[in-house]
Structure formats: C-alpha cells, structure tokens
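This briefing concerns a ligand, its surroundings and the pockets of the protein that holds it. Please keep the structure in view while reading the points below.

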Amino acid sequence: MQMATSAVENDPARRTFSALHSYLRDELRLDGLVALHEPRFEDNAWNYVKDCLDSGWVSSVGAWVDRFETMCAEAADVPFAVATVNGTAALHMAFHALGIGAGDLVVCPPLTFVATANAIRYCNAHPVFVDVDDSTMGLDPLRLEDFLEHECERVSHGLVHRATGKRVAAVVAMHVFGNPVQAETLSAVCERFGLPLVEDAAEALGSRRRGRPCGSLAHVSTLSFNGNKLVTTGGGGMILTADEHLARRVRHLTTTARIAAGWEFAHDDLGWNYRLPNLNAALGCAQMERLSDLLAAKRRLNRHYYNLFHGIEGVSVLTDLPGSEGNHWLNAVVMPNKVQRDTLLTLSNDAGLQCRPAWRLMHRLPHLSTCPIAAAGLFQAENWVERLVNIPSSPFLAPPEVAA
Ligand SMILES: *Cc1c(COP(=O)(O)O)cnc(C)c1O
C-alpha cells in the first residue's frame, strides 16, 4: 500500500499538476477558471475605441488601420504591412498573391493550427506534409531538403512532386507557440529550389531568430490578432513583406479590388472583403503600445515555469533554444508519454486550470486526410503531439519583476 501511494505521488503528471496548482491557487490566489490565455485591456484601449465611436469611423477605412499597420511593420522590421480581418485571411491572401492555385502543392508542417493548411485549400491547392524537427517543433529543414531533393524533380515550369505529378509552389513554416523555426536554414533550402517561403507568424509576434523578428524571416509573413493571441484586436491579421509589388497586390485584393473611378464602384479583379475594421485596429494600437511589457511578462512567466517544474523527472518546459528568443505566447510542458499527458490534462481541467493538448495533426483531419505526405513520415510530429500540454500563460500570471 505504502509503495503504491508513493508511486502515485511521484508520478510526473501529479507532481506537475500539484506544482502548477500551488502556484496559481496558493501563491497567486486565483479562484475560478484560470484560462489558457486571457487578454486584459488598459487605459488607451478604452480611449482609442471611444475615438472610433465618437468619430463614426468604425469600419474598414480609418486612421487607426494605417497606424496599426505602421506599428506592426516597425515591430517586425519590414517595410510593408497590410491589415486583414483575421490571420487566416492574411494567409489566404499571401498564398493567392504568390500565384498558388488549383493543382499546386504547398509544403506544410502537420503540427500547426488548421488555418495554415486551410488557407492552402482556399486556393484550391493542397498541402504536402513534411515532418517537424525534434528541437523547434517547426518544419524540419533537413526533412524539407530531403523531400525536395528525392521526391521532386525540376522541370521547365518549376518543381514537380513525382508521386502526384503536381507542382510544388511554396513552403510554409509556422513558429509553434511562438518558438522560432530554423528560418535561416529553411530560407536557404527554399532558395536553392527556387521556392517562396511563407511564414505563418500568427503565434510569434515579438519572437526573434538570430536577432531578427519573426514576421521578417520569409518572402511573406502573416500575423494573427485573435482573442487568444499575445496582442489582440478581437479578430484581426496582418500580411508583412519587403516585396512592394506583393504588398500593393494584397492591399488591392483585400479591399474588393476596387479602383479609383470617381463616384462609381469599379473593380478590376476578383477581390475579397478582408480589410480590418478601424474599430479593431484601434484596439490593436493600444495593445501594441504595451508589446514590450507583454513580452517581458511572458519571459518572466516562462522562467518561473521552468524553475517550477525543473526537478520533475521526465518533464520539461519549452524554453529558448540557441539562436532563438521566443515570445513564450503559450507555455508548454512536455510529458514523458501520452498517459502522463492525459493525466495532467484531466487533473488540471478538473481543477479549473485550463490546459490543452496540441492540435490534432493536420493529416488526421478528415478534410486533409488524403493530402500527400513525405516518404519519411511524420514521426516527430506524432512524438510531440502525444506529449505536449499547454498551461495557463496569460501575461498577468507572471511573477513581479525583481528590482535590480
Ligand atoms: C491563430 C492562428 C492563425 C490565424 O488565426 P485567426 O483566428 O484566423 O486570426 C493561423 N495560424 C496559426 C498557427 C495560428 O495559431
């Protein structure tokens, strides 16, 4: 009996849960549901939104949209930013503007939020899944190279995937929970094969790879400002690029491809109504003003969780890898196996501490299950997904700053 009890107490999931519980419930004295990620709005959020209401400029034209674009371009250190209604629309427009269409393939990681793959399908193209790596959780540059080298062949109009006969038109990488991918290596591989790299930086605003901001690491990058992201506009997204022609084109396409024609409504192409409303942008400007504080809080919380779970055998907290400085949007603990993962999920959620597994892998979703997969398989993605647990990560959960 004694033995059984201590075995249970030493179980990594129980130890992780009790450390998390004692931090959130005893130390921070939080009661009720502790959400995975919760926004808090301060001062200027109220002022800026009120300005929209007072002025009547609530819709998709207005000064806050321009200002929000400028703030995002500056944060990501890119020349052009185009605001959209959400991050999925930003991805859709990025793929569309790169000329991706029916019959094309786009290399995509299986470990991502469904929007990355859906945006490819909106262009009537298909994702081809290539595995992630065992350190960053993002698209593996070696697996990518292997796939392009051995399963594709160069023809006059580009690169063709031998098994399906389809053109490989682009590569998309995603920074999982804000942890940067090996962008410099992915870029080099893409360049070698003449493919544009798209960066789904939805989760990575403020993250850096080798000193460069995520959002500036590819030909075209996208952000999301959904309610659960580090910076939120309620709903919103952004397309970032240094390619002026592409920036002009997505700006045109997201505003119904309307052209100047006096009083008349005239459009020179099939466009979309994907422009971010001024009301949302106002909220975004107020949030962007606090970006460096939010990032600092995230860093402290990540450090705190790292120390909290440090001595628990078989359990680790994801933290910065060499060359990367993540925004720690969602903290994740890596459990030794699926049983332990599920125990931690059950204990935490039963206690009102919102914890979540990673996404179901893309190739396991019914609408994507027939998409091609690289011959090497998706073992790392499978391995990650069975063990990851996201834990409450709101910036206000961070321990206070220690005075120097
Ligand atoms: C949040 C997110 C998006 C975009 O989501 P929207 O809700 O459309 O803004 C895209 N990709 C990833 C990986 C995301 O996490």
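Which helices each supply at least two residues of the shell around the ligand? In this predicted model, they are α5, spanning 87–97, and α6, spanning 114–122. The ligand itself sits in the largest pocket, and the points below take the ligand shell, that pocket and the second largest pocket in turn.

**The shell around the ligand**

- The ligand has 15 residues around it, and those that come nearest are T88, D200, E203, S224 and K229.
- Sorted by class, this shell is made up of eight polar, four nonpolar and three charged residues.

**Polar atoms facing the ligand**

- The side chain of T88 places an N or O atom 2.5 Å from an oxygen atom of the ligand, and T88 is also among the residues that come nearest to the ligand.
- For E203, a polar side-chain atom lies 2.5 Å from a ligand oxygen atom.
- At G87 the backbone is involved, with one of its N or O atoms lying 2.8 Å from an oxygen atom of the ligand.
- On its own the ligand has 380 Å² of accessible area, of which the protein covers 91%.

**The largest pocket**

- The largest pocket, in which the ligand sits, holds about 410 Å³ of space.
- Its lining comprises 28 residues, of which F113, E203, N228, K229 and W329 are the closest to the centre of the pocket.
- Two or more lining residues come from each of α5, α6 and β15, the last of these spanning 356–357.
- Among the contributors to this lining, α5 gives the most, with three residues.
- By class, the lining of the largest pocket divides into twelve nonpolar, twelve polar and four charged residues.
- E203 and K229 belong to the residues closest to the centre of the largest pocket, and both are also listed among the residues that come nearest to the ligand.

**The second largest pocket**

- About 220 Å³ of space lies in the second largest pocket.
- The residues that line the second largest pocket are S60, V61, G62, V65 and D66, together with T254, T255, N273 and R275.
- By class, the lining of the second largest pocket has five polar, two nonpolar and two charged residues.

Conventions. Residues numbered from 1 in each chain as written. Predicted model: local features only at pLDDT ≥ 70, side-chain atom pairs only at ≥ 80, totals over all residues. Heavy atoms only, no water. Near = heavy atom within 4 Å. Polar contact = N/O pair within 3.5 Å; in protein donor to acceptor, adjacent residues only side chain to side chain. Areas by Shrake-Rupley, 256 points an atom, 1.4 Å probe, with all protein chains shown as cover. 1 Å grid on protein atoms, 1.4 Å probe; cavity = no way out; pocket = protein on both sides within 12 Å on 5 of 7 lines; lining within 4 Å. Sits in = over half its atoms within 2 Å of the grid points. Helix = DSSP H or I, 4+ residues; strand = E, 2+ residues; numbered from the N terminus. Nonpolar A, V, L, I, M, F, W, Y, C, P; charged D, E, K, R; others polar. Points joined across faces, edges and corners; volume = space filled by probe spheres on them.
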